[in-house]
Amino acid sequence: MPYPAAAQFLRTAIPDIIRAYQSALRAVRSPLATRKEAWPKCRDQAQAIVEDCVIALSGKQPPAPAEARRYSHLVGVDRATQGIAVAESVRAVDILWSAMQPAIRSAVQCEAAARRTSALLLISTVFRSSSGSRLYAGAVGYGNAAPRLSEDLADENTGTAEAPGETPVESPACAGLSQREKQVLERVARAMTNSQIARDLGIETATVKRHLNNIYAKLQAESRIDAINKAYGRR
């Protein structure tokens, strides 16, 4: 079901959203906004996520995710090169969602009252999907780049790197995780909720929570962001 009025409003609000997003990132001193070389890619990713929401509201399918994943993979490599932790990318998604809220509320109000809840649900669903796929691809790029960067520092004559794999490179801290705990953590890195993880793995939400508690204990992590950073990033 298309929501043309909401789509039009959200489209025109993109510049304001990006400005609010950059301001919020700077307020928490995120290197994604404070470093000149990092902000352009961060801005492009944020704008693409909002545009995916606009496209969905227009009743169309967002572009094929393959190109977005390839670009996000390169962004992850770039952030590893700059020494920007994976946790910053996860935090940035939360900040972008917060920056979008005023525009989302106004956009939804452009639709008839009976259609507002479904429009809001669509925006939320597309945002999670779009940002989650980009986060995961970025984590893959980051995880594959970080070990190679360490090797390059140790030996400038390191040969050509192998092609990136399909999953993020785990840190030694993951050695104590069970296979199921690793599966849960991979989905956390894709910004999936506990309910989404449960459906994806065919388990109960309570079981997901139990696995997460075990992951936190084994990684000595205090939150999802902390666990992702310790599992796939560098401290």
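This tour moves through a predicted model, going from its nonpolar core to a residue in the first helix and then to its aromatic pairs.

Begin by selecting the largest nonpolar core, which comprises 62 residues and in which L10, Y21 and L96 have the most contacts. To see which helix gives the most to this core, colour helix α6, residues 86-109, whose contribution is 12 residues.

Next, centre the view on L10 and display its surroundings, leaving aside residues up to four places away in sequence: with that exclusion, L10 touches I17, V50, C53, V54, L57, A103 and A107. Keep V54, L57 and A107 visible, as these three names return at the next stop.

Now select A7, which sits in helix α1, residues 4-12. Its relative accessible area is 1%, and A7 is therefore buried, the cut-off for that class being under 20%. Again not counting residues up to four places away in sequence, A7 touches V54, L57 and S58. With A7 still selected, add A107 and draw a distance between the two C-alpha atoms: they are separated by 7.2 Å, although A7 and A107 are 100 residues apart along the chain.

From here, turn to the aromatic rings, of which the structure holds two pairs. For one of them, select Y21 and W39, whose rings form a tilted pair with 6.1 Å from centre to centre and 45 degrees between the planes. This pair links distant parts of the chain, since Y21 belongs to helix α2 (residues 14-27) and W39 to helix α4 (residues 39-57), with their positions 18 residues apart in the numbering. Are Y21 and W39 buried or exposed? Y21 has 3% relative accessibility and so counts as buried, and W39, at 10%, counts as buried too. Y21 was also named at the start of the tour, as one of the residues with the most contacts inside the largest nonpolar core.

For the other pair, select W97 and F127, which are likewise tilted, with 4.7 Å from centre to centre and 45 degrees between the planes. Here too the pair links distant parts of the chain, W97 lying in helix α6 and F127 in helix α7 (residues 113-154), 30 residues apart. If you colour these two residues by accessibility, F127 counts as buried because its relative accessibility is 5%, whereas W97, at 25%, counts as partly exposed. The reason for that assignment is that buried requires a value under 20% and exposed one over 50%, with partly exposed in between.

Methods: Residues numbered from 1 in each chain as written. Predicted model: local features only at pLDDT ≥ 70, side-chain atom pairs only at ≥ 80, totals over all residues. Heavy atoms only, no water. Core = buried A, V, L, I, M, F, W, Y, C linked by side-chain atoms within 4.5 Å. Buried < 20%, exposed > 50% of the residue type's maximum accessible area, 1.4 Å probe, protein only. Helix = DSSP H or I, 4+ residues; strand = E, 2+ residues; numbered from the N terminus. Contact = heavy atoms within 4.5 Å. Phe/Tyr/Trp six-rings, centres within 6.5 Å; stacked < 30°, edge-to-face > 60°.
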